[in-house]
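Biologist: I should like to learn how to read the features of a protein model. May we look at one together?

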Amino acid sequence: MKKLYLVRHGETDWNVEKRYTGRSDMPINQKGEEQAKRLKPFFEAITIDHAITSPLKRCVKTASFAGFATNVQQEPDIMEWNYGAYEGRTHEEIWKEKPDWNIFLDGAEQGESVEDVLLRGKRVITSCLQLEGNVLLFSHGHFCRVLAALWLELPLEKARNFALFNARVCVLGLHEAKPMIFHWNVTP
């Protein structure tokens with residue numbers, strides 16, 4: 001692998017409402033479509049050898065608008081965190097019940113644990129490292145942050161420090177055999 005490009009899907013209505021959107025198969029909204037279309041020229045200027053998307057609609061559509069309607073592989077391992085009982089709820093609603101809750105430390109009640117997500121993230125990174133050339137993943141906000149923390153060999157709780165906005169590009173790679181973030185939250 002040369003570089004690992006991470007793209008969070010375009011905006012959804014639940015993103016606007018700040019609702020946790022894990023496995024609910026929400027479509028991108030009009031603004032999300034516009035955001036995704038702006039990705040296309042960016043990726044036309046780069047050689048992408050492997051394009052992989054979460055099978056959820058918001059990622060598949062983002063990939064399609066970004067120029068990857070064909071020659072893209074769907075991979076369930078890069079789906080968003082399964083938020084379980086927190087699906088569709090806001091931070092404020094959850095904090096009323098659990099004031100100190102942090103997804104990166106506590107996982108999701110009736111959903112995925114931190115350990116479950118770490119295992120998925122490690123599988124994804126191992127798989128990407130085995131590929132030749134540049135790899136592009138269309139994924140989700142929290143899961144991309146998990147990948148960044150794992151890439152940098154940081155404790156998962158540090159992932160909370162990586163803000164990631166809709167339809168933004170992040171680039172991970174190696175410099176002198178050391179894992180680095182070359183770009184984060186790039187707006188094409």
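Biologist: Leaving aside its neighbours within four places in sequence, with which residues is Gly-173 in contact?

Modeller: Contact means heavy atoms within 4.5 Å. Beyond those sequence neighbours, Gly-173 is in contact with Lys-2, Trp-151, Lys-178, Pro-179, Met-180 and Phe-182. Before we go on, please note that this is a predicted model, in which local features need pLDDT of at least 70, side-chain atom pairs count only at pLDDT 80 or more, and totals for chains, interfaces and linings use all residues. Residues are numbered from 1 along each chain as its sequence is written, and side-chain values use heavy atoms, with hydrogens and water left out.

Biologist: In which strand is the place of Gly-173, and is Gly-173 buried or exposed?

Modeller: Helices (H or I, at least four residues) and strands (E, at least two) are DSSP runs, numbered from the N terminus. Gly-173 belongs to strand β5. A residue is called buried under 20% relative accessible area, exposed over 50%, and partly exposed in between, with a 1.4 Å probe and protein chains only. Gly-173 has a relative accessible area of 0%, so it counts as buried.

Biologist: Which residues touch the most other members of the largest nonpolar core?

Modeller: A nonpolar core is a set of buried Ala, Val, Leu, Ile, Met, Phe, Trp, Tyr and Cys residues joined through side-chain atoms within 4.5 Å. The largest one here has 32 residues, and Leu-6, Trp-81, Leu-137 and Leu-156 touch the most other members. Two or more residues come from each of β1 (3-8), α6 (103-106), α7 (114-129), β4 (135-139), α8 (141-151) and β5 (169-175). The largest share, seven residues, is that of α8. A second, separate core of 15 residues includes Phe-43, Ala-66, Phe-138 and Val-171.

Biologist: With which residues is Leu-137 in contact, leaving aside its neighbours within four places in sequence?

Modeller: The contacts of Leu-137 are Leu-4, Tyr-5, Leu-6, Val-7, Ile-52, Ile-78, Val-124, Cys-128 and Leu-147.

Biologist: How many residues of α8 are buried, and what covers them?

Modeller: Eleven of the eleven residues of α8 are buried. Among them are His-142, Arg-145, Leu-147 and Trp-151. Their cover includes β1, α6, α7, β4, β5 and β6 (178-186). After α8 comes Glu-153, with a positive phi near 60°.

Biologist: How does one find empty space, and what is the volume of the largest pocket?

Modeller: Rolling a probe the size of a water molecule over the atoms shows where empty space is left. On a 1 Å grid over the protein atoms alone, a pocket is an open set of points where a 1.4 Å probe fits, with protein on both sides within 12 Å along at least five of seven lines, and lining residues have an atom within 4 Å of a point. Grid points are joined across faces, edges and corners, and a volume is the space filled by probe spheres set on the points. For the largest pocket, the volume is about 860 Å³. It is lined by 30 residues, of which Arg-8, Tyr-20, His-91, His-142 and Arg-145 are the closest to its centre. The largest share of this lining, three residues, comes from α8.

Biologist: Into which classes do the residues of this lining divide?

Modeller: Ala, Val, Leu, Ile, Met, Phe, Trp, Tyr, Cys and Pro count as nonpolar, Asp, Glu, Lys and Arg as charged, and the others, Gly among them, as polar. The lining of the largest pocket has ten nonpolar, eleven polar and nine charged residues.

Biologist: How many salt bridges does a search of the whole structure find?

Modeller: A salt bridge is a side-chain nitrogen of Lys or Arg within 4 Å of a carboxyl oxygen of Asp or Glu. The search finds eight. One of them joins Glu-11 and Lys-31, whose closest N and O atoms are 3.8 Å apart. Glu-11 lies in the loop between β1 and α1 (13-16) and Lys-31 in helix α2 (residues 30-37), so this pair ties together parts that are 20 residues apart in sequence. Glu-11 is buried at 12% relative accessible area, whereas Lys-31 is partly exposed at 45%.

Biologist: What is the N to O distance in the salt bridge of Arg-89 and Glu-97?

Modeller: That distance is 2.6 Å. Arg-89 is buried, with a relative accessible area of 19%, while Glu-97 is exposed, at 54%. Elsewhere, salt bridges that share partners join Glu-17, Arg-19 and Glu-93 into one network.
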